[in-house]
Amino acid sequence: LEAVAAVNGELAETLVRASGYAGFSYADLAAAVGIRKASIHHHFRTKEDLATALLAAYEARYRTALDGIEREASNGLSGILAYARLYLGGAEQGLGCLCAAFATEGERLPEGLRREVGAFFARHIAWIETRLRQGQADGSVRASLEPAAQARLVVAGLEGALVTERLL
């Protein structure tokens, strides 16, 4: 994560979120940051290494946000609504989710990165499923909902909203 900061991780992440994995290069990043490509290669031997580091930093920020939601949410539904507000921040910036930017490239992604992106989504779906079950227990979510299917629908809906919002 320190190496990401060394090459302006925020800017690198913004480039990837806007253009996807295939849509950015070390040259793009070097030009945007004002350093030489060799400086980036010093910290990240391959593009996959850089993308993996960006994903790790992104996941760490999400984990902190989710931990905060768990502490603050008064019931299951309020936790899910707080989660949705995280996506609103990306929409307001005109950026999609970093993992969605990676996921749209599917089989073209390096295998290791594809596994990490899949794990990111699996963790988020599981987190939402837990909040849905909590909501069923506390009465804030209908008992008739199927939490596993609904959790996938929530993530898909939020991701789709980000993509659509960028176009609108």
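This briefing walks through the fold, the helices and the charged pairs of the protein shown above. The model is a predicted one, with a mean pLDDT of 88 for the protein. The protein has nine helices and zero strands. Of its 168 residues, 39% count as buried, and the structure holds 10 salt bridges.

**Confidence in the model**

- In the protein, 95% of the residues reach a pLDDT of 70 or more.
- Helix H1, which covers residues 2–6, has the lowest mean pLDDT among the elements, at 50.
- At the other end of the scale, helix H8 (residues 111–138) has the highest mean pLDDT, 96.

**Overall shape and surface**

- Reading from the N terminus, the elements follow the order α-α-α-α-α-α-α-α-α.
- Taken along the principal axes, the C-alpha atoms fill a box of roughly 55 × 30 × 30 Å.
- About 8,800 Å² of the protein is exposed, and carbon and sulfur atoms supply 55% of that area.
- Among the contacts with a separation of 6 or more, 65% come from residues 24 or more positions apart.

**Helix H8 and its surroundings**

- The 28 residues of H8 should span 40 Å at 1.5 Å a residue, and the end C-alpha atoms are indeed 40 Å apart, so the two values agree.
- Several residues of H8 are buried, including Leu113, Val117, Phe120, Phe121, Trp127 and Leu132.
- The list of buried residues in H8 also includes His124, Glu129 and Arg131.
- What do the buried residues of H8 pack against? They pack against helix H5 (47–72), helix H6 (76–92), helix H7 (98–103) and helix H9 (147–167).
- Just after H8 comes Gly139, which takes a positive phi of about 85°.

**Helix H5**

- H5 has 26 residues, which should span 38 Å at 1.5 Å a residue; its end C-alpha atoms are 38 Å apart, in agreement with that figure.
- Buried residues of H5 include Leu50, Leu54, Leu55, Tyr58, Tyr62, Leu66 and Ile69.
- Glu59 and Gly68 are also among the buried residues of H5.

**Two residues to compare: Val16 and Thr164**

- Val16 sits in helix H2 (residues 9–19), and it counts as buried because its relative accessibility is 0%.
- Leaving aside neighbours within four places in sequence, Val16 is in contact with Tyr21, Phe24, Leu54, Leu98, Ala101 and Phe102.
- One of these contacts, Ala101, is 85 residues from Val16 along the chain, yet their C-alpha atoms are separated by 7.0 Å.
- Thr164 is found in helix H9, where its relative accessibility of 40% makes it partly exposed.
- The C-alpha atoms of Thr164 and Gly112 are separated by 28 Å, and the two residues are 52 apart along the chain.

**Charged pairs**

- Side chains of opposite charge can pair when their charged atoms come close.
- Glu13 forms a salt bridge with Arg61, with the closest N and O atoms 2.8 Å apart. This pair links distant parts of the chain, since Glu13 is in helix H2 and Arg61 in helix H5, 48 residues apart.
- The partners in that pair have these exposures: Glu13 is buried at a relative accessible area of 6%, whereas Arg61 is partly exposed at 44%.
- Asp67 and Arg63 form a salt bridge with their closest N and O atoms 2.7 Å apart. Both lie in helix H5, four residues apart, which is about one turn of the helix.
- Asp67 is partly exposed, with a relative accessible area of 29%, and Arg63 is partly exposed too, at 35%.
- In H8, Arg133 and Glu129 lie four residues apart, about one turn of the helix, and their side chains meet in a salt bridge of 2.7 Å, N to O. Arg133 is partly exposed, at 42% relative accessibility.
- Arg63, Asp67, Glu70 and Arg131 are linked in a network of salt bridges.

**A buried charge without a salt bridge**

- Where does Glu105 lie? Its place is in the loop between H7 and H8.
- Glu105 is buried yet has no salt bridge, and the nearest side chain of opposite charge, Arg108, is 4.8 Å away.
- Apart from its neighbours within four places in sequence, Glu105 is in contact with Gly20, Tyr21 and Ala22.

Definitions and conventions
Residues are numbered from 1 along each chain as its sequence is written. This is a predicted model: local features need pLDDT of at least 70, side-chain atom pairs count only at pLDDT 80 or more; totals for chains, interfaces and linings use all residues. Side-chain values use heavy atoms; hydrogens and water are left out. pLDDT is the predictor's confidence in each residue, from 0 to 100. The expected span of a helix is 1.5 Å times one less than its number of residues. Buried means under 20% relative accessible area, exposed over 50%, partly exposed in between (1.4 Å probe, protein chains only). Contact means heavy atoms within 4.5 Å. Lys and Arg count as positive and Asp and Glu as negative; His and the chain ends are not counted. A salt bridge is a side-chain nitrogen of Lys or Arg within 4 Å of a carboxyl oxygen of Asp or Glu. Accessible areas come from the Shrake-Rupley method with a 1.4 Å probe; for residues, only the protein chains shown count as cover.
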